[in-house]
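Me: Please take a close look at one part of this structure, the aromatic cluster and what lies around it. I am in my first year, so keep the wording plain.

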Amino acid sequence: MFTIIFPTMWKFDPFLSFLQELVNHYLVGEVIIVDNNPSSRPNSDILKHEKIKLLSYGYNLYVNPAWNKAVENSKFDNLCICNDDIIFDLRVFSKALPHVTPELGIMGISVAPWEEHITNGLIQIKEYHPSDGQWGVLTFILHA
């Protein structure tokens, strides 16, 4: 099972719909949302879902401290740290899970070259090379 972590400012409208997909996925145990903009928090039933844990400190923690607070509050060792402004194929969880090990370190998303990795629906696990491009933040780590 994964803990999914999102710091958010509530600026990406599709985020709430994506949350609904996430909580229904069999490998998602919890979704921790760090509310960095409480005055903009939408009134949505999805935020009351049993898998959603909303952390709000009343102000913007900014991204790195928000990630740290969420990790401190996570129930599961398999972590997926995400930007709140990306939507990704949920098949990535079953692809990533066998690779999230203490030896791994960190695993992220790469879409270089763009045409090959975005448009054909292929999800591949490969070792990172400095020439690989990166897009958005979607990171997998094991919290021990």
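Reply: F2, F18, F88 and F93 form one aromatic cluster. The model is a predicted one, and what follows was computed from its atoms.

Begin with the rings. The structure holds five aromatic pairs. One of them is F88 with F93: the ring centres lie 5.8 Å apart and the planes meet at 75 degrees, so this pair counts as edge-to-face, a label that needs an angle over 60 degrees. Both residues of the pair, F88 and F93, are buried.

F93 is a useful place to look outward from. Apart from neighbours within four places in sequence, F93 is in contact with F2, I4, L22, H25, L27, V28, C80, F88 and F140. Two members of the cluster, F2 and F88, are in that list of contacts.

The next step out is the nonpolar core. In soluble globular proteins, nonpolar side chains tend to be buried together. Here the largest nonpolar core has 28 residues, and those touching the most other members are I4, L19, L22, V31, F88, F93 and F140. Two or more residues of this core come from each of β1 (2-8), α1 (15-23), β2 (28-35), β4 (78-82), α3 (92-96) and β6 (138-142). The element that gives the most is α1, with five residues. A second core, separate from this one, has 11 residues, among them L55, L61, A70 and I141.

Now for the elements that carry these side chains. β1, α1 and β2 together make a right-handed β-α-β unit. Within that unit, β1 and β2 run parallel and are joined by seven bridges. As an example of the pairing, P7 has V34 in β2 as its bridge partner. On from there, β2 is also joined to strand β3 (residues 52-56), by five bridges, and these two strands run parallel as well. In that pairing, I33 stands opposite L54 in β3. β2 is mostly covered, since eight of its eight residues are buried, each with a relative accessible area under 20%.

Charged side chains complete the picture. The whole structure has four salt bridges. One of them joins R41 to D35, with the closest N and O atoms 2.6 Å apart. The two ends differ in cover: D35 has a relative accessible area of 0%, so D35 is buried, while R41, at 34%, counts as partly exposed.

Another salt bridge joins D89 and R91, with 2.8 Å from N to O. D89 is partly exposed because its relative accessibility is 35%, and R91 is partly exposed too because its relative accessible area is 43%. By contrast, F88 and F93 are buried.

A further salt bridge is formed by K48 and D45, whose closest N and O atoms are 3.7 Å apart. In this case K48 and D45 are both exposed.

To go back to the starting point, F88 and F93 belong to the aromatic cluster with F2 and F18, and F88 and F93 are also among the residues that touch the most other members of the largest nonpolar core.

Notes. Residues are numbered from 1 along each chain as its sequence is written. This is a predicted model: local features need pLDDT of at least 70, side-chain atom pairs count only at pLDDT 80 or more; totals for chains, interfaces and linings use all residues. Side-chain values use heavy atoms; hydrogens and water are left out. A nonpolar core is a set of buried Ala, Val, Leu, Ile, Met, Phe, Trp, Tyr and Cys residues joined through side-chain atoms within 4.5 Å. Buried means under 20% relative accessible area, exposed over 50%, partly exposed in between (1.4 Å probe, protein chains only). Helices (H or I, at least four residues) and strands (E, at least two) are DSSP runs, numbered from the N terminus. Contact means heavy atoms within 4.5 Å. Two strands pair if DSSP finds at least two bridges between them. A crossover is right-handed if, with the strands pointing away from the viewer, the path from the first strand over the helix to the second runs clockwise. Rings of Phe, Tyr and Trp (its six-membered ring) pair if their centres lie within 6.5 Å; planes under 30 degrees apart count as stacked, over 60 as edge-to-face and the rest as tilted.
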